[in-house]
Amino acid sequence: MNPSPAVEPRNAVLDRTWSDPPGLIGWLSAINHKTISVRFMLTTFGFFAAGGVLALLIRLQLTVPDNKLIGPDFYNQLFTMHGTTMMFLFAVPVMQAVATYLVPLMIGARGIAFPRMNAFAYWIFLFGGLMLYAAFILDIGPDAGWFAYPPLAGPEYSPGKRTDFWAQLITYTELSGLLEAVILITTIFKMRAPGMTLNRMPLFVWTMLVTSFMVMFAMPSVMLASTALITDRLVGTHFYNPAEGGDVVLWQHLFWFFGHPEVYLIFIPPLGFMSSIIATFARRPIYGYPVMVLAIIATAFLAFSLWVHHMFATNVPELGKSFFTAASAMIAIPTAAQMFCWIATLWAGRLNFRTPMLFALSFFFILLIGGLTGVMLASVSLDLQVHDTFFVVAHLHYVLIGGAVFPLFGAFYYWFPKFTGRMMGERLGKWNFWLMFVGFNVAFFPMHIAGLRGMPRRVYTYPAEMGWGLLNLISTIGAAILAVGILLFVVNVLLSRKRGDMAGADPWAAGTLEWATSSPPSPGNFPRPPVVGSRFPLWSKDGVAGTVRGLADDRREVLVTSVNDAVPNHRAVMPESSPWPFVSAVAVTVLFIGSIFTPWAIVWGAVLCTPPLVIWFWPKRGPTQKNIEREVKP
C-alpha cells in the first residue's frame with residue numbers, strides 16, 4: 001500500500017535519520033545493522049568459498065594412491081586452513097551475521113543494541129581473516145591442524161611464525177564473536193516490541209539467545225588457551241611444557257571445552273531456521289512450542305558436559321569416560337524431542353515443497369546419519385578404534401553440513417526476498433538442492449567405510465595396497481558434484497538479485513514479524529514499531545494489536561522494554577554513524593599483528609589504540625543531555 005501524502009514526509013525523515021552516510025567516509029562509518037549484517041554475510045561466504053577450494057585441493061590429492069600432486073608441507077597447511085576457515089571464519093560468524101539482520105526485524109525493533117560495537121566487531125573479523133590468508137599466501141600459514149595440539153604446535157615442533165599467526169587469529173576473531181553475542185543478548189532482552197513476551201518470541205530468536213549465552217561461556221576458553229600457547233612460543237612461558245611443570249592435556253581440556261560447544265554454536269541456530277521454514281511451508285505454527293524452547297536450552301547445557309568425549313584416547317580416568325559417554329548419548333534426547341515436534345507439524349500441515357522446504361527436509365536425513373554415528377563415537381571402545389580415521393571426518397561433516405549448511409542454504413532461499421526485495425529462481429534452486437544433496441552424500445558417505453577399513457585422517461597420501469583408492473575416487477567425484485551445486489547457488493543469487501520476480505512484503509504468507517515490513521526493509525525497519533498480540537502476529541486477527549507512537553523521527557530513538565514481558569520502560573537514543581570503530585579496529589589489528597613479532601608491540605599498539613578509542617567514547621555534552629531528557633516513559 002502506498003503511503004498517504006501526509007505520511008510520506010515523515011517516512012522520508014525517518015529513512016534519512018537511520019540511513020548510513022554516503023561516500024567513502026560514510027561507507028566506513030556505517031552502523032545500520034542491516035548494512036553491517038550484509039557485509040558480514042558476504043565476508044563469511046567469501047571465506048566459505050575459500051575454504052571450499054582448499055577442500056577440493058585436499059580431495060584432489062587423495063583421489064588416487066601415492067599421489068604427488070601436493071607435497072606434505074603444503075597439504076598440512078591446506079587441511080589446517082580448511083578447518084580453521086570453516087570453524088572460525090564461516091560457521092559461527094555466518095549465524096551471527098544472519099541474526100544481526102533478522103533479530104531486530106523479528107522482535108519489532110528499529111535497530112540493534114550497540115550499533116557502533118557491531119561495526120567494530122565486523123572490522124575486527126574481516127581484518128583477522130585477511131591476516132590469516134595473507135600469512136597463508138606468504139607461505140607462513142598455520143600447519144598444525146585447526147585444533148593445534150601441543151606439543152606439535154609448541155615452539156619445539158612448530159618453529160617459525162605459522163602457529164603464531166593461528167593463535168593470534170583465534171583470539172582476534174573470537175573477540176568479534178563475543179561482541180556479537182553481547183549485542184544480540186541485549187537486543188533480545190531489552191528491545192522487543194511491546195507485547196512480545198518471552199513465550200511469544202520466534203524460535204529463531206530463542207536459538208540465537210541461547211547460542212549467544214553459549215558463546216559467552218565457550219569462547220573465553222579457547223581465547224585463554226590460544227593466548228597461553230602464544231606466550232609459550234614468544235616469551236617462554238611453560239603452560240604446555242611438561243618439562244617445566246606444564247601439561248599438554250591442559251590444552252585439550254581448554255580447547256574442547258570450547259570445541260564441543262562450538263559444534264552446537266553452529267548447530268542450534270539452524271534449528272531456528274528449520275522452525276521458521278517448516279511453520280511457513282506447512283501453514284501452521286510449530287507443534288509443542290514450550291518443548292522446543294526447553295529442548296534448545298537442554299541441548300546447550302548438555303553441550304558443555306561432554307567435551308571429554310574428544311579425549312577418550314588420552315589418560316582421562318575410566319570413571320570420567322563413563323560419565324562423558326552417558327552425557328554424549330543424552331544429547332540425542334532433546335534433539336529427538338525437536339524432531340518429533342517438527343514431524344508432528346509436518347503431519348498436520350499442508351505442505352508446499354518449495355526450495356527452502358527441500359533444504360529443510362534434507363536436514364532430517366543427513367543429520368540422522370550424523371547423529372547415529374555420533375552415538376557410536378560416544379562409546380569409548382568404538383571411539384578408540386576409529387578415533388583418528390576418516391570415520392570421524394565423515395561423522396563431523398554429516399553433522400555440520402547436514403545440521404548447519406543445508407538449513408543455512410534453505411534459510412537464504414527463504415529470507416532472500418526480505419534481504420533484496422526479489423525472489424530467487426525456483427528451477428535453479430531445485431537443481432542447486434539436488435546437486436548439493438547427491439554430491440554431499442557421494443562425497444562423505446564412503447568416508448565411513450574408508451575409516452572402518454583403517455584409513456587415517458591427516459595423511460597426505462596412502463599406498464595402493466591398502467585398498468582405499470576406489471572409495472577416495474568416489475569421494476572426489478562427489479565433492480566435485482557438491483561444488484557444482486554450490487556454484488549454482490551463487491549463479492542463482494546473482495541472477496535473482498538483478499532479474500528475480502519482485503517479492504512484496506510477505507511473499508510466503510509467513511506469520512512472523514519480519515514479514516510485516518517492506519522488502520527490503522527501510523533503514524528504520526518499522527515506521528512505527530508494532531505492538532504484538534500473539535506468537536505468529538501475521539496469522540492472528542489480533543496479532544498486531546497496534547503501533548508504538550511517540551518515538552522521534554529525526555533521531556535514532558528506540559523503545560526499551562522489560563526483559564520478561566516486554567513492557568515499555570523508556571526511550572533511548574542510538575548513536576550516530578561514526579568512522580572511529582573502523583579506525584579503532586585498524587589500530588587493534590596493528591597491535592595484534594605486531595605482537596606476533598615482538599612483545600613490545602603490545603605497548604606501542606596500546607598507545608596507537610588509545611586516541612581512536614578515546615574519541616569514539618568521548619561524551620558529547622549537548623546530545624547526551626538531550627538523550628537523558630528523552631529517556632522518559634513513553
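**Salt bridges, helix geometry and surface features of the predicted model**

A total of 13 salt bridges is found in the structure, which is a predicted model. One of these salt bridges joins the side chains of Arg162 and Asp143, with a separation of 2.9 Å from N to O. The two partners belong to distant parts of the chain, 19 residues apart, since Arg162 lies in helix α6 (residues 162–190) whereas Asp143 is placed in the loop between α5 (115–137) and α6. Arg162 counts as buried, because its relative accessibility of 13% falls under the limit of 20% that is applied to buried residues.

A further salt bridge is formed by the side chains of Asp164 and Lys161, for which the N to O distance is 3.6 Å. The two residues of this pair fall into separate accessibility classes: Asp164, with a relative accessible area of 2%, is buried, while Lys161, at 26% relative accessibility, counts as partly exposed.

Arg458 and Asp388 also form a salt bridge, in which the closest N and O atoms are 3.4 Å apart. Arg458 is located in the loop between α15 (426–452) and α16, and Asp388 in the loop between α13 (380–386) and α14 (390–420), so that the contact ties together parts of the chain that are 70 residues apart in sequence. Both partners are partly exposed, Arg458 with a relative accessibility of 31% and Asp388 with a relative accessible area of 38%. Beyond individual pairs, Asp73, Asp139, Asp143 and Arg162 are joined into one network by salt bridges that share partners.

The number of disulfides, in contrast, comes to 0, a count that rests on a cut-off of 2.5 Å between cysteine sulfur atoms. Among the cysteines, Cys341 is buried, with a relative accessible area of 5%, and Cys609 is likewise buried, with a value of 8%.

Helix α4 (residues 72–106) contains 35 residues, and at 1.5 Å a residue these should span 51 Å; the C-alpha atoms at its ends are 49 Å apart, which agrees with the expected value. The helix nevertheless carries a kink of about 35°, which is centred on Pro93. Because 31 of its 35 residues are buried, α4 is largely enclosed by the rest of the structure. Just after α4, a positive phi of about 75° is adopted by Gly108.

In helix α5, Ala121 is buried, its relative accessible area being 0%. The C-alpha atom of Ala121 is separated by 21 Å from that of Pro261, a residue 140 positions away along the chain.

On the surface, a nonpolar patch is formed by Leu487, Val490, Val491, Leu494 and Leu495, which together present about 430 Å² of accessible area. Of these residues, Leu487 lies in helix α16 (residues 469–499) and is exposed, because its relative accessible area of 55% is over the 50% that is required for this class. As regards the spacing of such residues, an α-helix has 3.6 residues a turn, so residues three or four places apart point the same way.

How values were computed
Residues are numbered from 1 along each chain as its sequence is written. This is a predicted model: local features need pLDDT of at least 70, side-chain atom pairs count only at pLDDT 80 or more; totals for chains, interfaces and linings use all residues. Side-chain values use heavy atoms; hydrogens and water are left out. Patches are made of residues with over 30% relative accessible area and no salt bridge: like charges are joined within 9 Å, nonpolar side chains (Val, Leu, Ile, Met, Phe, Trp, Tyr) within 5 Å. Accessible areas come from the Shrake-Rupley method with a 1.4 Å probe; for residues, only the protein chains shown count as cover. A salt bridge is a side-chain nitrogen of Lys or Arg within 4 Å of a carboxyl oxygen of Asp or Glu. Helices (H or I, at least four residues) and strands (E, at least two) are DSSP runs, numbered from the N terminus. Buried means under 20% relative accessible area, exposed over 50%, partly exposed in between (1.4 Å probe, protein chains only). The expected span of a helix is 1.5 Å times one less than its number of residues. The bend at a residue is the angle between axes fitted to the seven residues ending there and the seven starting there.
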